[in-house]
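Me: I'm new to this one, so can we go through it together in a few quick questions?

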Amino acid sequence: MALDPDVFGQLLDAIERFVREKLRPNEALVGETDQVPPEIIEQMREMGLFGLAIPETYGGLELTLSEEIQVSFLLGKTSPAFRSMIGTNNGIGSQGIIIDGTEEQKTHYLPAMASGQLVGSFCLTEPEAGSDAGSLRTNARRDGDSFIINGTKRFITNAPVAGLFTVFARTDPDSRTAAGISAFLVDADLPGITLGKKDRKMGQQGAHTCDVIFDNVRVPQSAILGGPDFEGKGFVTAMKVLDRGRLTIAGVCVGVAERLIADCLDYALQRRQFGKPIAEFQLVQAMLADMKAESFAARCMVEETARRRDAGQSIGTEAACAKMFCSEMVGRVADKAVQIFGGAGYVADSGIERFYRDVRLFRIYEGTTQIQQLVIARNMIRDAKRLNGLS
Ligand code: COS
């Protein structure tokens, strides 16, 4: 349900001000300390940012996808670590419950996630199962009315602060593929769950990932996401969640690109070489123009995909196109930003090198560029076969 336009406008204004006044001044600190200050997280809770995409009935703001990506554009205008704090609760940590959860699961978990009291994490990736998510080895063995989960999950965003894990585990011991995987809602304080040490990453300091190890973790049958009828259907839930998540990441990429372009323009107008601002040199202008055109194309793509999804269309192909194009685009933009800043872009003080490192992740998580290509091409071929009566 869309918010009243005035109310939504006020929300965007408040977020824009928050980014400008609170988040941007703390970017360097977060980069250096690898920690988002607790008072900022508290302010995010108060603003309702943890529940942007959660239905109003469960305490969230219930933004449409078109509205949510406008927020992504704004939050992209600062270090991605800030958005990552709220990223899982609005995306992969809650969407499984919203899309396929039972009423009881929604009532139990979503209000606490919307308020930010409970952080949700998505446990799909494993040491031996990254892009080939369907080959995961974590297993959930039935034992009477319970399941016993064993396995290790890797690079799990927000795991160090999570209270709830959506865990994808194989319930059919005879299957080796996507079939036979179930999703479980697992409270983080259950006996048998341990966390690995925080990963030391190339960028996005302040956003934390680590291993989550499940050693004979007993959960009731009611922990299957969607209830007993969803046993063996967890992989499809994961894919539906990722379709949506990929678009919001694309939105963040657009925001970061726009931020970098604004920084480059400011710098190019101030920085003088050969007696004039470097913005007056055509070779610098060419870089600025390419950055602008690409980021504008990306913005249009994200907005159109969100519109289609809000109109009830399935967006698997479009979300993959957007994730691929926007994440690659922001990589090129960040590279040109370093070039325009020159030496100042390579040293830490300008913050440009930090963004250059931060944006590298966008081409990897929630599906690499190569996985997006595979999804796009597979869907094209499937649709063409259907059209021609070949399948
Ligand atoms: N929406 C709904 N259902 C989907 C779907 C989607 N977007 N994509 C796939 N499915 C369904 C398929 O229809 C199929 O169901 P049926 O067996 O009933 O037909 C099932 O899911 C398995 O799909 P598929 O055969 O395509 O699975 P594959 O093992 O070949 O894997 C890819 C598909 C590669 C696309 C998948 O493993 C993937 O997305 N990998 C990347 C994982 C990822 O993004 N990891 C990031 C970590 S999470 S932050």
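Me: Which residue has a polar side-chain atom 2.6 Å from an oxygen atom of the ligand?
Reply: Keep in mind that this is a predicted model. Among the residues closest to the ligand are Ser131, Arg246 and Arg378. The one whose polar side-chain atom sits 2.6 Å from a ligand oxygen is Arg378.

Me: And what about the nitrogen side of things: which residue has a side-chain N or O atom 2.9 Å from a nitrogen atom of the ligand?
Reply: Gly367 isn't the one here, as a polar backbone atom of Gly367 lies 3.1 Å from an oxygen atom of the ligand. The side chain with an N or O atom 2.9 Å from a ligand nitrogen belongs to Asp243.

Me: How much of the ligand's accessible area does the protein cover?
Reply: Picture the ligand on its own first: it has 1000 Å² of accessible area. In the model, 18 residues surround the ligand. The share that the protein covers is 62%.

Me: Switching to the domains, how many residue pairs are in polar contact across the interface of domain 2 and domain 3?
Reply: In the domain assignment, domain 2 spans 120-233 and domain 3 spans 236-387. Contact between them involves 10 residues of domain 2 and 13 of domain 3. Salt bridges across this interface come to 0. Residue pairs in polar contact, with both residues at pLDDT 80 or more, number 4.

Me: What area do domain 2 and domain 3 bury between them?
Reply: Their centres, taken over C-alpha atoms, are 30 Å apart. Of the area buried between the two, 64% is on carbon and sulfur atoms. On the domain 2 side, the touching residues are 5 nonpolar, 4 polar and 1 charged. The buried area is about 1000 Å².

Conventions
Residues numbered from 1 in each chain as written. Predicted model: local features only at pLDDT ≥ 70, side-chain atom pairs only at ≥ 80, totals over all residues. Heavy atoms only, no water. Domains from an automatic or database assignment. Contact = heavy atoms within 4.5 Å. Buried area = accessible area lost by both parts, 1.4 Å probe. Salt bridge = Lys/Arg side-chain N within 4 Å of Asp/Glu carboxyl O. Polar contact = N/O pair within 3.5 Å; in protein donor to acceptor, adjacent residues only side chain to side chain. Nonpolar A, V, L, I, M, F, W, Y, C, P; charged D, E, K, R; others polar. Near = heavy atom within 4 Å. Areas by Shrake-Rupley, 256 points an atom, 1.4 Å probe, with all protein chains shown as cover.
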